[in-house]
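Here is a short walk through one protein chain, written for someone who would rather think in residues than in coordinates. Keep the structure open beside you as you read.

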Amino acid sequence: MNIVFAKSITLLFIFIFLSVDTAGFCSANKSSDSKLCVESEKQALLSFKKGIVNDTNDELASWAAEQEDCCKWAGIVCNKIIGHVEELRLSGGAQFPKFICSLAGLRYLDLSGTNFSGMIPPHLGNLTKLRNLSLGFYAISPGRVYVENLLWLSGLSSLEYLDMSYVNLSRASDHWLLAINKLPSLRELYFYECELSHIHHLSYVNFTFLAILDLSYNNFNSLIPDWIFSLSNLVDLTLRSSNFIGPFPNGSWHLNSLTNLVASENHLNSTIPNYLYGLANLEYLDLYRNNLQGFISSAIGNLTSITFLGLSHNALEGELPMSLGNLRRMQAFNVAYNKVNGSFSKILASLPCVWLIDVSHNHLEGVISEAHFVNHTCLRRFSASGNLLRQRVSPDWIPPFDLLDLEMGSWNLGPQFPTWLRSQKLLTGVNLSNNGITGAVPRRIPDCWMKFPSLQVLDLGDNNLIGEIPSSVGSLKDLQWLRLHNNSLSGEIPSFLQNCTMLRNLDLGLNKFLGCIPTWLGFRLSNLNILNVRPNKLNGQIPHELCRLTKLQILDVPDNNLTGTIPSCFGNLIAMATKNQSSDPITYGWYIYELMENALVVIKGREDKYDTIHSLVTSLDLSSNNLSGEIPKQLTSLHGLISLNLSRNHLRGSIPDRIGDMESILSLDISRNQLSGKIPPSTSNLNFLSYFNMSCNELSGEIPLSTQLQSFGPSSFVGNQLCGPPLPEICIVDQNTMPAGTEDERKESDEDEEEYWFRLGIAVVFAVGFLGVISPLLFRGVLVVQDFGLLYQIQAHVGEELIFPISLLGALKLGSIAVGFAIGVSDVINK
């Protein structure tokens, strides 16, 4: 028998065998020994292994005859009671296996997490008995597996579970929902990040048994369709970040079974509809980062089953309703970044079971005392920064909670650090920025941080603290974020910070630190994303060791007294050289919102705050120092850089010719240096510039023409010897001055002209010589043959004196003929 055909028969047999309903084996006798594997299935699996052509990952190495219990083989799951194989899981590694389409008896097909690629064959529609189809390729890059269409789904009328997450369904955007509407038995549908761009508005819904619907991370650019809210059996609805726009659908909802509703990170702009407050079974509600407006109704107290309430990053206003106290099961309450106002103390006291409270960046006010925390034994994360709140507790107060994270920025805590903080042994994050911890006498940072060994985030910025950084900070091995911005700290940057090897953000800006930038930063803090020392009193040169910080995205060292040249090895800063397409935020444990908001970056000539510092933000600022030398041409390799500021230094030389390679740049400032020469033509390639300044240098010549450069005002170019738009000075071409690069063209033109006149001269000489020989004969012939009789008659009457003038007239006639002949000869020679 043909060996290929034999292998195909083996594969077909084993998959059909494994797809048979196990109910038929209920009467099978269980072996009395401890081995669980059924021998016949073991032999079938060994035959299946022989049919595998490639096992590049050596996944089937454990599939061996000497290993008696096949239930212990990799990728095999057996029924623990009857011992039969129930699941076969392989990671694949090649094109999608088309032979599966011939296994007509399959009821359960799970390839989720496999490493297949290519097109999903439409012949899967032949598997009419399928109840569970899981093709969610979570383990690989999104879009690697795709479909040409989804029309084949209509053949799977018994399907109850469908997961195609991360599969590229863009080719099916115009009909995917119509295909789904032909699956009346469908219970669960997962189309997470499938590149869908259209969602239909169905007049009739056929999949009324649907309990779970996940359409997250698509790009519908549409209203939420009404048909979704007619699914009375829906339990879990997830529409996160799918570009839904406009208001919530009007009318009543029939989602009485709904327990989970997530519509975060969209563009919903209505009020929260009243009928949402009537979902008595709702446990999880997340409407984070939309544009929801209006008041939070007191009817929210009807959501008595709620455990998570997320309303942050919207435009909600008014007072928080006291009916929130009815939500006795609520564990997490987040209304940060809105416009809610009024007293918060009573609301706080009415939420005893909550482990997370985030009301930061609103307009809440009032005094918070220890009485408001009496029942908060479950509290682990408390964030209330950016309000008008004050805390008044006794110095010896010991809270009933043990916090993991604390954010009390912009509170009025008084002149001292809160002593109760020392009792919080589990802290991973602390934000006490902008708290007026000064009083009549400025305060130092307490030297007690060894008590918080798990601390990852420490923000003590904006407090006018004095003195040096205490040595106990060096004991924080897990510290990732240290922000001491805008204080009056002094001394050198302490060497014990090199023990904090996990640091990703080091912000020492707006202080009075002295000395040099330590070289150990480049060796010990290799995880740094952000380094900010603006402005201080640092001196010395920029150490070349900083070039080792390959993850560095923001280097902020302006307004110091740094000298020397710009290290050319800055071109090796990989995170700045790479155009990162990801928009994932840099996160530090739980801290995504508040601490990101405090990351300051000077871009476009102003200091900006970012509520989420994304990996796309890259900045290099060396301005207002005493740097000298030239701008290293290696900087032009920083293709991912969006902001470069080298202004107010003593840089000389020309602007690098390939500056136009920095095509991602949004802000470029090289003003107030001694740069000379012309503006490189490649500058016109900087198509995304929104801030540009090269004023007050020694530049000359014409400003290159481009859409961007001419959009800036004259102030971006003044203080140079430049001309052309947008400056009023018109560029005048000096005829006596040949621009560089045109001398060869002028020489070539001169040589061509000389050659032309040389050839014309030869032609004239030839013509004259020719006439010298032929003219006597010509004159004689003409006079003798044609005019002899006439001359004879004239001579007879007036004498010989008239013979010369008449001969001269003939010579002129012949001369004109000769010149025409010479010009003709010249043209022939030139050609």
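The report below goes from the whole chain to its core, its sheets and then a few single residues.

**The chain as a whole**

Please bear in mind from the start that this is a predicted model. The chain is built with 10 helices and 46 strands. It has 831 residues, and 48% of them count as buried. Its accessible surface is about 38,500 Å², and carbon and sulfur atoms account for 54% of that area. How much of the contact network links residues 24 or more positions apart? Among contacts with a separation of 6 or more, such pairs make up 57%.

**The nonpolar cores**

The largest nonpolar core holds 178 residues, and Phe191 and Phe382 have the most contacts inside it. Four elements each give this core at least two residues: α3 (176-180), α4 (345-349), β21 (363-369) and α5 (520-524). The largest share, 4 residues, is supplied by α3. A second core, separate from this one, has 6 residues, including Cys37, Leu46, Trp63 and Trp73.

Phe382 is a good residue to select on screen. Which residues does Phe382 touch, leaving aside its neighbours within four places in sequence? Its contacts include the aromatic residues Phe344, Phe373 and Trp411. Leu348, Ile357, Leu403, Leu406 and Met408 are also in contact with Phe382, and so are Asp405 and Glu407.

**Strands side by side**

One open sheet has 5 strands in the order β39-β41-β43-β45-β46, and their pairing is parallel. Its edge strands are β39 (628-630) and β46, each of which pairs on one side only. On average, neighbouring strands in this sheet are turned by 25° against each other, with direction ignored.

Elsewhere, β21, already met as a supplier of the largest core, pairs with β19 and with β23. The table puts these two pairings beside the one between β45 and β46.

| Strand pair | Sense | Bridges | One bridge or opposite pair |
|---|---|---|---|
| β45 (698-702) and β46 | parallel | 3 bridges | Glu702 and Cys723 |
| β19 (339-343) and β21 | parallel | 3 bridges | Gly342 and Leu364 |
| β21 and β23 (388-392) | parallel | 5 bridges | Gly366 and Leu389 |

**Backbone details in the loops**

Following the chain on from β46 brings you to a cis peptide bond, which runs from Pro725 to Pro726 with omega near 10°. Pro726 sits in the loop between β46 (721-723) and α8 (743-785).

Two residues that are not glycine have a positive phi. For Asn221 the angle is about 50°, and this residue belongs to the loop between β9 (212-214) and β10 (236-238). For His313 phi is near 55°, and the loop in question joins β16 (308-310) and β17 (315-319). Is His313 buried or exposed? It counts as buried because its relative accessibility is 9%, under the 20% limit.

**Two asparagines in loops**

Asn266 lies in the loop between β12 (260-262) and β13 (267-268). With a relative accessibility of 5%, Asn266 counts as buried. What does its side chain reach? A polar atom of the Asn266 side chain lies 3.0 Å from the backbone nitrogen of Asn243. The side chain of Asn266 also reaches the backbone oxygen of Ser264 at 3.0 Å. Beyond its neighbours within four places in sequence, Asn266 is in contact with Leu239, Arg240, Ser241, Ser242, Asn243 and Phe244, as well as with Arg289 and Asn290.

Asn149 is found in the loop between β6 (145-146) and β7 (161-163). Its relative accessible area is 25%, so it is partly exposed. A polar atom of the Asn149 side chain is 3.1 Å from the backbone nitrogen of Leu151. Leaving aside neighbours within four places, Asn149 is in contact with Ala172 and His175. Asn149 and Ala179 are 30 residues apart in sequence, and their C-alpha atoms are 9.6 Å apart in space.

Conventions. Residues numbered from 1 in each chain as written. Predicted model: local features only at pLDDT ≥ 70, side-chain atom pairs only at ≥ 80, totals over all residues. Heavy atoms only, no water. Core = buried A, V, L, I, M, F, W, Y, C linked by side-chain atoms within 4.5 Å. Buried < 20%, exposed > 50% of the residue type's maximum accessible area, 1.4 Å probe, protein only. Contact = heavy atoms within 4.5 Å. Areas by Shrake-Rupley, 256 points an atom, 1.4 Å probe, with all protein chains shown as cover. Pairing = 2+ DSSP bridges. Axes fitted to C-alpha atoms, helices over the stretch in contact; angles between N-to-C directions. Polar contact = N/O pair within 3.5 Å; in protein donor to acceptor, adjacent residues only side chain to side chain.
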